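Work through the exercises below with the model open beside you. Try each task before you read its solution.

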Amino acid sequence: MTSGKQKIIWSGIAVLVLIYALFPVASILSTSFKAPSDLTSGKFLPSSGASTLENYQQILVGDAQGLFLSALRNSIGIALIATVIAVVLATLCAYAIARLDFPGKKIVLTTALAVSIFPVISIVTPLFNLWRNIGLYDTWLGLIIPYLSLTLPISIWTLAAFFRQIPWELEQAAQVDGATTWQAFRKAIVPLAAPGVFTTAIIAFFIAWNDFVYGISLTSTESARTVPAALAFFTGASQFEAPTGAISAAAIIVTIPVVLLVLLFQRQIVSGLTQGAVKG
Amino acid sequence: MSTSIKASKGTPATRSQRRRPHLSDRAKSERRLGWYLAGPAFIVMLAVTLYPILQAFWDSLFSLRLTAPDDKAFIWFANYVTVLSDPVWWRDLGVTVIITIVTVVIELILGFALALVMDKAIKSLRGLLRTAILVPYGIITVVSAYAWFYAFDINSGYVNHWFSWIPGINPDLNWFAEFWPSLFVIMASEIWKTTPFISLLLLAGLAQVPGELTEAAQVDGATWWERFRKVIVPNMKAAIMVAVLFRTLDAFRIFDNVFIMTNGAHGTEVLSLLAYRTSISRLEIGLGSAISVLLFVCVLIICFVAIKLFKVDLAGTQGGKS
């Protein structure tokens, strides 16, 4: 096969994959620019001359502002805090698993596995009842705690896989060369471990950012409701108008961070997701 | 918690037995440090899952509605009898099983194709393809559900207009007014969103197939299909099994897409939605807890079957979902 022919075939395949991966995003992006009167046109793109920023105005500075911006703040805050806590706990845990010899290593890893396949909805009912009794219902903390059940297990597995590949002898070598314990750790180990920790944080953030079940079950007002949950409660500008445009615009805004992270850190995310899957 | 997994893997008993006679101080302090570091994560994981499921089991033994908290009464397993004798439970279980089987089968095929494409792609395209694949992986499930919903919706959609040449599709077709069309769109959005995950797990498996084996088969004149079936697949069986098990368990708890698209209308309700509707909407905590526990038992059964019958080795691999 000539390389020219090969290139054409691969370009064709690449176009197919791109359409597969990006078409639904393009679809909702296009809907987000449609004016209310244009929504029922039955066309993919907004009618010529009818594309509008109205929907974005509505959720960022208009009527739906209160609903959307508070949800965005909640989503960012809660997902980031849940990610940081999970990554800190998982870093300590994965370090112990990769580096130290102690009984119960397998139990910790197996527990992480079991927690990650746990049906989320089974945790919701008891938490709903408990949170209402102790005042955690509809608060940030009331979501951060259950989010750990999503972010912590995968963080432990991914980081343990990363840490197993670090050549820890470097630390001793640095110490032999006269570095103090702290210097050896900071200069030799941190630069090797940091990419893994960072990648794990991205994956954990995606998972927390995606949550819907906890978001709608454990919140009731704007004080803690996250974006995915808020989207389900959007209403149109008037009672007779479907919130299609506003929901699409909001959907695009919360997709931007995902696309940015993917564009910037594609290599790290793929290695994080596949490395943990390889037997270590 | 999941004893079936634990039992099959066993604790590192051999190692600790071997060292039991006399632990050096160094080994002792290493053990202690190990638990100091791993302990907090371990305790948090138990606190956010084991405790709630035990609480759910306890609550499921009571007749308890939050609208009438004073009528709380201990009724043993009556809630389970109520749930299991209700056709709604069995209908929702059926819908959940259909969704699980259909999506996992299609995702496995599609995911394999994508994994092969990512694995074999020429260098200049590799980054582009992987970046594109990660978009559905990272996107919020609710956003994906709305994207598919609006595309098919009779008012705001364009699918009816685009595909009106297919018999049965016309501008008046309301996809979300009937069981099978709604289920079709729900499954399509689920497949779109989660195939990248399965394909990345398979990509990791492909990397473990020894290159010499496929080359040797090629030299021996095996066709591409023979190489795939006789060399590649058997050598990455473990990765396939794990990918299928994780996706099965993930598909079994499907909730977001169904909630957004139909909210269970026209018989499309799934088990997670039933649990949500019972506990959160109707505030039937006793009954809802029973459904939660039953769902958990279903997951345990799936795991047990996978591990005992298909010998899936979970402990060597990683799980996760998005």
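**Exercise 1. Place Gly215(A) in its chain and decide whether Gly215(A) is buried or exposed.**

Solution. Start with the secondary structure. Gly215(A) sits in helix α9 of chain A, which covers residues 213–217. Bear in mind that this is a predicted model. Next, take the accessibility. The relative accessible area of Gly215(A) is 0%. The cut-off for buried is under 20%. Gly215(A) is therefore buried.

Now list the contacts, leaving out neighbours within four places in sequence. Gly215(A) then touches Leu143(A), Thr226(A) and Ala229(A). Finally, compare with Glu171(A), which is 44 residues away along the chain. The C-alpha atoms of Gly215(A) and Glu171(A) are 43 Å apart.

**Exercise 2. Find the sign of phi at Asn263(B) and at Leu283(B), and locate both residues.**

Solution. First, the background. Most residues other than glycine have a negative phi. Then check Asn263(B). Its phi is positive, at about 50°, and the residue is not a glycine. Asn263(B) belongs to the loop of chain B between α13 (256–261) and α14 (271–281). Its relative accessibility is 47%, so Asn263(B) is classed as partly exposed.

Repeat for Leu283(B). Here phi is near 60°, again a positive value in a residue other than glycine. Leu283(B) lies in the loop between α14 and α15 of chain B.

**Exercise 3. Classify the ring pair Phe23(A) and Trp162(B) from its geometry.**

Solution. Begin with the total. Over all chains, a search of the whole structure gives 42 aromatic pairs. For Phe23(A) and Trp162(B), the ring centres are 6.0 Å apart and the planes meet at 50°. Centres must lie within 6.5 Å for a pair. Angles under 30 degrees count as stacked and angles over 60 as edge-to-face. The value of 50° fits neither class, so the pair is tilted.

Next, trace the partners. Phe23(A) is in helix α1 (residues 3–32) of chain A. Trp162(B) is in helix α8 (residues 159–162) of chain B. The pair thus crosses between chains. Check the exposure last. Phe23(A) has 31% relative accessibility and is partly exposed. Trp162(B) is partly exposed too, at 40%.

**Exercise 4. Do the same for Phe118(A) and Phe296(B).**

Solution. The ring centres of Phe118(A) and Phe296(B) are 4.8 Å apart. Their planes are at 40°, so this pair is tilted. Phe118(A) comes from the loop between α4 (105–116) and α5 (120–134) of chain A. Phe296(B) comes from helix α15 (residues 285–309) of chain B, so the pair joins two chains. Then read the accessibilities. Phe118(A) is buried at 3%. Phe296(B) is buried at 12%.

**Exercise 5. Which residues form an aromatic cluster with Phe62(B), and which charged end sits over the ring of Phe62(B)?**

Solution. Collect the cluster first. Its members are Trp58(B), Phe62(B), Phe74(B), Trp76(B), Phe77(B) and Tyr80(B). Then look over the ring of Phe62(B). The charged end of Lys72(B) sits there, 4.7 Å from the ring centre. For a case in chain A, take Phe233(A). Arg225(A) lies over its face, 4.0 Å from the ring centre.

**Exercise 6. Draw up a profile of each chain.**

Solution. Take chain A. Count the elements: eleven helices and zero strands. Set the box: the C-alpha atoms fill roughly 75 × 70 × 35 Å along the principal axes. Add burial: 56% of the 280 residues are buried. Consider contacts with a separation of 6 or more: 71% of them link residues 24 or more positions apart. Turn to the surface: about 11300 Å² is accessible, and carbon and sulfur atoms hold 66% of it. Close with charge: the centres of 15 positive and 11 negative side chains lie 12 Å apart.

Now chain B. It has 15 helices and two strands. Its C-alpha box is roughly 65 × 60 × 30 Å along the principal axes. Of its 322 residues, 56% are buried. Among contacts between residues at least 6 apart in sequence, 69% join residues at least 24 apart. The accessible surface is about 14300 Å², with 65% from carbon and sulfur atoms. The mean positions of its 29 positive and 22 negative charges are 13 Å apart.

Notes: Residues numbered from 1 in each chain as written. Chains lettered and ligands numbered in written order. Predicted model: local features only at pLDDT ≥ 70, side-chain atom pairs only at ≥ 80, totals over all residues. Heavy atoms only, no water. Helix = DSSP H or I, 4+ residues; strand = E, 2+ residues; numbered from the N terminus. Buried < 20%, exposed > 50% of the residue type's maximum accessible area, 1.4 Å probe, protein only. Lys NZ or Arg CZ within 6 Å of the ring centre and 35° of its normal. Contact = heavy atoms within 4.5 Å. Areas by Shrake-Rupley, 256 points an atom, 1.4 Å probe, with all protein chains shown as cover. Lys, Arg positive; Asp, Glu negative; His and termini not counted. Charge placed at Lys NZ, Arg CZ, Asp CG, Glu CD.
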